Amino acid sequence: MDKKYDIFISYRRDGGESTAKILRDKLEELGYHVFFDVESLRSGDFNTRLYSVIDECQDFLIVLSPNALDRCVNEDDWVRLEIEHALKKEKNIVPVMLRGFFFPSKLPDSIEPLRYKNGLESNYQFFDAFIEKLQTFLKARPAVGRRVLRKKSGARAVFLIALLAAAGAGAAAIQYMGNLGGGYPATESEKNLTRNLVYYVQQNLLQMETAAEYMDNAYRACETYLQHFDTADSAALEAELQKNRRLLHQIDTDSAAMSRELSEELTDSPFSAADAAAMHDYLVQFCQDNIDNLYYMEFITDRESYIDQTVREDVLENYQAILSEELKLMAYGANGLLLPVENEEELEYFKYDFLPELYYIPFQAGDWKDDEAVLAGMEDSSFNAIQKSLERVTMQVGEQNMDLMKQKAELVNELMESGLSQEEAEQKVNSLMGKTDLVTEQEAELTEAQKELEESLQEARGKFAPAAADDADILWGKMLRFMNLGLYDDAVTCLDMYREKVRGEDEYAEEYTAAAARLIRNISQTGIDYGMIIVGYEPGVSSHSQYKIGDVIISVEGTPCHDYEEYSQIMESIPDGEDFSVTVLRAKEDGSGQLEQITLDIPGDGPRVAMREMTEKTYNTQ
């Protein structure tokens, strides 16, 4: 074969082909080499090629559409054969579960391990965020710098390509607009929808403005530092960069996410629900990209990085230019999203009161465009400017150095997801990489350190591997140990074996083990890998007025509650019979598999509940 592939996508043609194609296109835009076969060609000697491609790929994606595994009872079924081969070759298998898919109660023994692989549920509404999360599951890396290729995927795609084609939403919107007899919005319901959408846009722009302020502060500090490079205080600059990274981490982007109600209302409107969702995805990506950028600034301003002073200043200038153009893209996206609004009255406050209050996003009422083609040209111009700046930076600093700083940012994020604070994570990564490890020798040391870490994790897998002879409590304990080590696939495997052990004996096991699995799969999103999970009610009681089986208590009376010891300490301070409040993690009702925090008022004289700890960590409560 002429091209070596990174990722193999397996799918069932009926129900999974369109999703598989979109995954292929998006991953290729990001720089991965993806093998996507046509199912009708799976015949004759073609199997030899399929197997050889699986052999060379690091990652094996299996798109699980409804009933996708039903035909796997047949020994010659191609989906079964592909899964079997991937399991045999110990590939990194990532199930992508579409809405309506459920694992059959019985699978052939040869593919039964698929059930325990840590996958994720496809999110059609927030596809860019889904792709970003999918990348964290992949072992393969793009051929060139991931950040550069992410930008190469096309800035216009952020707002103009309907995510997952949105079932043809874009075309429907155009048709809808063509049928309008007068200015939109006209009816009261249309006006309410427009106001809700404008408010949503405002919330995302405000958070973008906040993030831009942090970045501007950081870049200005770098600029001042470079102007006085020989005498400037490097420790003060490092503290400033770290502070602004922390502030970017703390931006609550979820508060600006689109509500389910607004998303549903947009479906039958002239507005694109996909473009609206993409605006928030762009905000989330913007914050993460700029956290990464501040790690680049740390390298650029490091006296020991041996970069020419003129190059340092030019690189900083390019990143400031990139920030400016990215802010323009957000503004153009807002303009494009609201193009269907022809009734100027509904945009008056937004254009003449709200926009002038924005300092960093350079867009005013006089800049507003009513021509989609003109707006598209402006977007292309900004995208090209970003691309040129990135190419210049890559040329000056070196692609290898940019990749290593990206690795540093990713390692910090992974450690933060495992429970470390930002400061602790950065200290740990710095101890591995060093401030100036952007040279071959330090890169080799980092590779060796990562190898040692992987070896220690493999040793842990062997030491704590679940066994059929383990009783339920041992399996639960092993699950917690794997969680603590960040081995989430192994943790879910232990959890599934626990469920099988207690099935038939524990009437609530199915519910709370499913909730525990959701907690584990959402750790990268919530950052929460602790708490007390509700596993039952006191004898003779079949329900509770507030708690649901599977709720995970994470705080009581506003005080974090990591484990049973902390829970008990807090409860001892509450007088007997007095009501109290708890915050729990509970599955969202939209079927997305995501979690949300809910505050419950628990009656002091209510029935008691049974709990289990979801952590083995020791927390400092002082």
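E557 is partly exposed, with a relative accessible area of 43%, where partly exposed denotes values between the limits for buried (under 20%) and exposed (over 50%), determined with a 1.4 Å probe on protein chains only. The model is predicted, so that local features require a pLDDT of at least 70 and side-chain atom pairs a pLDDT of 80 or more, while totals for chains, interfaces and linings use all residues. Residues are numbered from 1 along each chain as its sequence is written, and side-chain values use heavy atoms, with hydrogens and water left out.

E557 lies in the loop between β7 (552–556) and β8 (559–560). Although E557 is not a glycine, its phi is positive, at about 55 degrees. A positive phi of about 65 degrees is also found at N67, again a residue that is not a glycine. N67 belongs to the loop between β3 (59–64) and α3, and with a relative accessible area of 55% it is exposed. A further backbone feature is the cis peptide bond that joins Y184 and P185, with omega at about 0 degrees. P185 is placed in the loop between α7 (169–178) and α8.

In overall terms, the chain has 22 helices and 11 strands; these are DSSP runs numbered from the N terminus, helices being H or I runs of at least four residues and strands E runs of at least two. Of the 622 residues of the chain, 51% count as buried. Among contacts (heavy atoms within 4.5 Å) between residues at least 6 apart in sequence, 74% join residues at least 24 apart. One pair distant in sequence is W78 and R12, which are 66 residues apart along the chain and whose C-alpha atoms are separated by 9.1 Å. W78 is part of helix α3 (residues 78–88) and counts as buried, at 17% relative accessibility.

The interior was next considered. In soluble globular proteins, nonpolar side chains tend to be buried together. A nonpolar core is here a set of buried Ala, Val, Leu, Ile, Met, Phe, Trp, Tyr and Cys residues joined through side-chain atoms within 4.5 Å. The largest such core comprises 73 residues, and those with the most contacts inside it are L205, L266, M297 and F350. At least two residues of this core are supplied by each of α8 (188–227), α9 (234–250), α10 (260–267), α11 (273–300), α12 (309–337), α13 (348–354), α14 (372–397) and α15 (399–417). The greatest contribution to this core comes from α8, with 16 residues. Apart from this core lies another, of 54 residues, among them M483, Y508, Y530 and L600.

Two residues illustrate the surroundings of individual side chains. When residues up to four places away in sequence are not counted, L266 touches L193, L197, M258, F271, A273 and A276. N204 is located in helix α8 and counts as buried, at 0% relative accessibility. With the same exclusion of residues up to four places away in sequence, N204 touches A256, M279, H280, L283 and M330.

Helix packing was examined around α19. This helix (residues 488–502) has 15 residues and reaches 21 Å from its first C-alpha to its last, close to the 21 Å expected at 1.5 Å a residue, the expected span being 1.5 Å times one less than the number of residues. Within α19, the buried residues include Y488, D490, A491, V492, C494, L495, D496, Y498, R499 and V502. The helix is followed by G504, whose phi is positive, near 95 degrees.

Two packed helices are described by the angle between their axes and the distance between the axes. Axes are lines fitted to C-alpha atoms, for helices over the stretch in contact, and angles run from 0 to 180 degrees between N-to-C directions. Helix α18 (residues 472–485) packs against α19 at an angle of about 165 degrees, with the axes 8 Å apart. The two helices are therefore roughly antiparallel to each other, a description applied to angles over 145 degrees. Residues A472, L475, W476, K478, M479, F482 and M483 of α18 meet Y488, D490, A491, C494, L495, M497, Y498, K501 and V502 of α19.

On α20 (residues 509–521), the axis comes within 10 Å of that of α19, and the two cross at roughly 180 degrees. That makes α19 roughly antiparallel to α20. In this pair, Y488, A491, V492, L495, Y498, R499 and V502 of α19 meet A509, E510, Y512, T513, A516, A517, I520 and R521 of α20.

Note on methods. Parallel < 35°, antiparallel > 145°, perpendicular 65-115°, else oblique.
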